[in-house]
Structure formats: structure tokens, C-alpha cells
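Here is a friendly walk through one protein model, meant to be read with the coordinates open beside it. Take a moment to load the view and find your bearings.

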Amino acid sequence: MAAVYELQTIEVWDGNMAASHAMRQAQIDVVSAYPITPSTPIVQNYASFLANGYIDGEFVMVESEHAAMSGCVGAAAAGGRVATATSSQGFALMVEVLYQAAGMRLPIVLNVVNRALASPLNVNGDHSDMYLGRDAGWVNLCTYNPQEAYDFNLMAFRIAEDYEVRLPVMVHQDGFICSHTAQSVRPLKDEEAYRFIGDYKPKNAMLDFSKPATYGSQTEEDWHFEHKAQLHNAIMNSMPIIERTFKEFEALTGRKYNVVEQYQTDDAEVIIVALGTTVESARIAAQKAREQGIKAGVVSIRVLRPFPYKQLSKALQNCKAVAFLDRSLPAGAMGMLFNEGVAALYAMDKKPIVSNYIYGLGGRDLTQNHLEEIFKELDCDAKAGKLTHKTQQFIGLRGPKLGYN
């Protein structure tokens with residue numbers, strides 16, 4: 001039996017340590033991992049917990065991130081609770097196996113510490129990972145700080161393992177800004193955390209020889225479409241379980257989470273929509289904008305997949321101008337968040353003016369001045385009743401200003 005880890009009422013953890021402790025408290029059967037910056041401390045901490053007797057499960061160090069997710073797939077198919085972590089090039093190497101895990105309906109939890117993708121090589125944070133893996137068939141949850149990295153890991157196991165969902169789940173946090181920034185975190189006691197997650201209940205376990213199951217079969221045109229449709233249906237129908245899990249977590253901890261978060265939006269005429277650590281910065285900028293007479297608000301998304309189209313359109317229904325902030329290179333298109341957001345707004349009778357801002361690639365700072373300037377541009381759009389600038393702009397970029405219609 002694992003040794004008891006004594007926790008304080010308030011711990012000072014960075015996002016990586018917060019994720020590590022949530023994984024420890026989940027009493028995972030197998031963690032299969034390969035280290036990569038900036039997610040390395042998650043599995044490093046976990047290995048330390050194991051070495052010091054705080055974990056009963058297995059930690060398997062493999063030769064690559066592709067092998068790490070392959071190990072997770074095998075362990076989950078065998079009937080175990082499974083999790084791991086990765087970033088950037090390692091995440092890209094995992095992508096092939098992400099589709100395998102989703103197609104097999106294996107409730108694996110993956111911590112993605114978001115980092116830029118090469119080339120050129122860069123170890124700092126942006127949302128390239130988040131956007132790369134969004135269509136792999138996993139539920140995607142977004143966190144903004146270490147407390148949320150802890151909380152959402154606990155909820156991820158609960159969501160993934162629910163028999164009405166039975167899907168793998170990614171928990172996203174921003175590389176370095178969240179993963180390596182220490183803040184106050186209020187953890188649950190080990191027994192409380194495990195009670196919330198619950199005992200693991202295998203389904204179609206390959207090691208249950210009384211009920212033989214097949215994984216990874218070949219279907220071709222005869223049944224492939226049907227399998228993919230069932231996967232899509234499961235993701236689309238997971239939202240009620242996600243919302244129920246949020247409510248149950250609130251009842252336990254007092255910490256309330258919404259699928260779409262709103263800040264000062266009741267009377268907002270201009271709104272920034274963002275993800276990750278940018279959200280907290282944008283809220284400060286919105287308050288400063290209000291002091292200058294601009295009715296500014298911020299909307300943020302907790303659940304990237306399934307995408308909350310109805311909740312987002314409701315949050316934006318009364319504003320005049322909206323900026324969708326994308327922290328990833330769109331490479332020949334508008335940003336992903338912009339495109340998803342516009343789709344959410346399409347059915348509205350009265351649509352706001354929309355624009356797209358690309359920012360923060362490779363760890364480039366997004367300052368308060370940048371955010372305040374965005375609010376000012378949105379205010380000009382709202383007053384003019386039309387765009388007063390390019391639809392897509394690059395913020396904080398050196399050299400000539402880039403903008404596209």
C-alpha cells in the first residue's frame with residue numbers, strides 16, 4: 001500500500017507539480033512516458049513519488065513519445081487506469097497513436113504542456129499543440145493556472161472513465177507561463193481526491209479472458225464510417241457529463257467552472273475571446289479599458305472539444321465587436337479559434353463584428369499595452385458599425401505590420 005503524502009491546506013506548486021499530484025492521487029495503474037520540455041517535470045515528479053513509496057502503480061520509461069502513448073494504449077486496453085504527459089515535437093510524434101486511443105475508446109488522460117512546434121526549434125509556449133491535436137477524437141480541457149491544472153486533472157479521470165463517455169481526455173496548460181510558474185494551490189486530501197474520481201471500472205479489458213475483446217481491428221469501407229460516426233457522437237454527447245462533473249467538483253471544493261467563462265460581459269459592447277494564461281491578462285486589460293469608458297469584457301473556453309457552439313454564441317449575443325485571439329500560426333487561414341467562433345455566431349440574427357489576432361508565437365510576450373490596444377480597436381469597430389482594420393492582424397511582430405482580409 002502506498003505511503004500517505006502529507007499535504008498542506010495551501011501548497012505552492014507550479015502547473016507541472018499540480019498535475020503530478022493529481023495523477024498521484026488518482027492511483028494510476030500505469031504511466032508510460034518519455035520526457036520533453038516543458039512537460040518533463042510532470043513525469044519526473046511522478047517518478048520521484050514512485051521511488052519514495054507514494055505510488056503503487058507502474059512507471060514505464062520508453063524510448064519515444066510514440067512509444068509512450070503506445071504503452072498507454074496497451075495498458076488501458078488491458079484494463080488499467082492510465083495517464084502520461086508530453087509537449088511539442090513529442091506530442092507531434094504521438095499523434096498517430098492519439099487516433100488509435102480515441103478509436104479504441106480508451107479513457108487515457110494526457111497532460112499537454114503547450115509549446116511551439118519546429119521549425120525553427122523553440123522550447124517556449126504557444127498553442128501549436130492544442131490546435132494540432134484538437135481533431136484526434138479526444139475530449140480537450142483548457143486550464144489557465146496551476147490550481148486549474150490540478151483540478152482539471154482530477155475531473156479528467158472522472159470524465160474519461162464515465163461509461164457514458166469512455167473517451168481519452170487531454171488537459172492543456174501553457175508551457176512555462178503555467179507549467180513553471182508557482183502559485184498557491186488548494187489541493188484535496190488524498191482520500192477526498194480519490195473518492196471524487198472513484199475506483200477504476202474496466203470495460204472490455206483484454207485481460208478479462210471470460211469476455212474476449214478485440215482492439216485495433218481493420219474495417220476498410222465496410223464499417224470505418226460507422227466507427228468514426230460513433231466516436232463523433234460520443235464526443236458531442238459528452239458535454240452533459242462534463243458539465244455535471246464541473247458541478248459535482250464545485251459541490252466538493254467550492255471552485256466553480258463553466259464550459260464557457262464570462263468576465264464583465266453583461267453590458268459589454270466589445271469582447272476578447274481567448275484561451276490559456278492570456279485569459280487572466282485580458283481580464284486585467286478589460287478592467288483598465290472600462291476605466292477609459294470602453295465597455296469591455298472577456299470570454300474564455302474551458303472545453304475545446306466538444307466545441308461549445310451554443311454556449312459561446314449565448315455569451316456573445318449582446319456585444320457589438322469581438323476579437324478572437326489565436327496563439328498559433330494558422331498557415332494560410334484565419335486562426336482556429338476565430339473559425340470555430342465564427343461558426344458559433346453564424347446562426348445568430350444579430351452578429352457582432354469579428355476579427356482575428358495572432359499573438360504570442362514561440363513564447364513572444366503579449367503585453368497589457370497590446371491587449372488595451374485591441375480593446376480600443378474593437379471600440380472603434382463597434383462605433384463605426386464595421387471593421388476599421390484588417391480582419392486578421394499579427395500582434396507584437398517585429399518588422400512590417402502584417403494584416404489580412
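The report below covers a sheet, the helices lying across it, the nonpolar cores and a few unusual backbone spots. Please keep in mind that this is a predicted model.

**The sheet**

A good place to begin is the open sheet, in which seven strands follow the order β9-β11-β10-β13-β14-β15-β16 with mixed pairing. Its edges are formed by β9 (260–263) and β16 (403–404), each of which pairs on one side only.

Strand β10 (residues 270–274) has β11 and β13 as its neighbours in the strand order. With β11 (residues 296–301), β10 pairs in the parallel sense over five bridges, and valine 270 has alanine 296 of β11 as its bridge partner. With β13 (residues 321–326), β10 is again parallel, here over four bridges; valine 273 is partnered by phenylalanine 324 of β13.

Towards β16, the sense of pairing is antiparallel: β15 (residues 392–394) and β16 are joined by two bridges. There, glutamine 392 faces tyrosine 404 of β16.

How much of β10 is buried? Five of its five residues are. In a regular strand, side chains alternate between the two faces of the sheet. In β10, Val270, Ile272 and Ala274 are buried on one side, while Ile271 and Val273 are buried on the other, so both faces of this strand are covered.

**Helices across the sheet**

Helix α10 (residues 278–291) joins β10 and β11 in a right-handed β-α-β unit. The same helix α10 lies across β9, β10, β11 and β13, and runs at about 165° to β11. Helix α12 (residues 336–345) also lies on these strands in part: it crosses β10, β11, β13 and β14 (353–358), at about 145° to β13.

**Nonpolar cores**

The largest nonpolar core holds 104 residues, and the members that touch the most others are Leu98, Ile108, Trp138, Val273, Leu316 and Phe324. Its biggest contribution comes from helix α6 (residues 146–161), which supplies nine residues. Apart from this core lies another of 25 residues, including Ala274, Ala285, Ala382 and Ile395.

Two of these names tie the core back to the sheet, since they were met above as bridge partners: valine 273 in β10 and phenylalanine 324 in β13. Which residues does phenylalanine 324 contact beyond its neighbours within four places in sequence? They are Val273, Leu312, Leu316, Leu337, Phe338, Gly341, Val342, Leu345, Val354, Ser355, Asn356 and Tyr357.

**Backbone spots worth a look**

Two cis peptide bonds come one after the other, from alanine 118 to serine 119 and from serine 119 to proline 120. Both serine 119 and proline 120 sit in the loop between β5 (109–114) and α5 (128–132). Elsewhere, glutamine 27 and asparagine 204 have a positive phi without being glycines. Glutamine 27 belongs to the loop between α1 (15–25) and β2 (30–33), whereas asparagine 204 is in the loop between α7 (190–197) and α8 (220–236).

| Site | Feature | Angle |
|---|---|---|
| Alanine 118 – serine 119 | cis peptide bond | omega about 5° |
| Serine 119 – proline 120 | cis peptide bond | omega about 0° |
| Glutamine 27 | positive phi | phi about 55° |
| Asparagine 204 | positive phi | phi near 55° |

Terms used. Residues numbered from 1 in each chain as written. Predicted model: local features only at pLDDT ≥ 70, side-chain atom pairs only at ≥ 80, totals over all residues. Heavy atoms only, no water. Core = buried A, V, L, I, M, F, W, Y, C linked by side-chain atoms within 4.5 Å. Buried < 20%, exposed > 50% of the residue type's maximum accessible area, 1.4 Å probe, protein only. Contact = heavy atoms within 4.5 Å. Pairing = 2+ DSSP bridges. Right-handed = clockwise from strand over helix to strand, strands pointing away. Axes fitted to C-alpha atoms, helices over the stretch in contact; angles between N-to-C directions.
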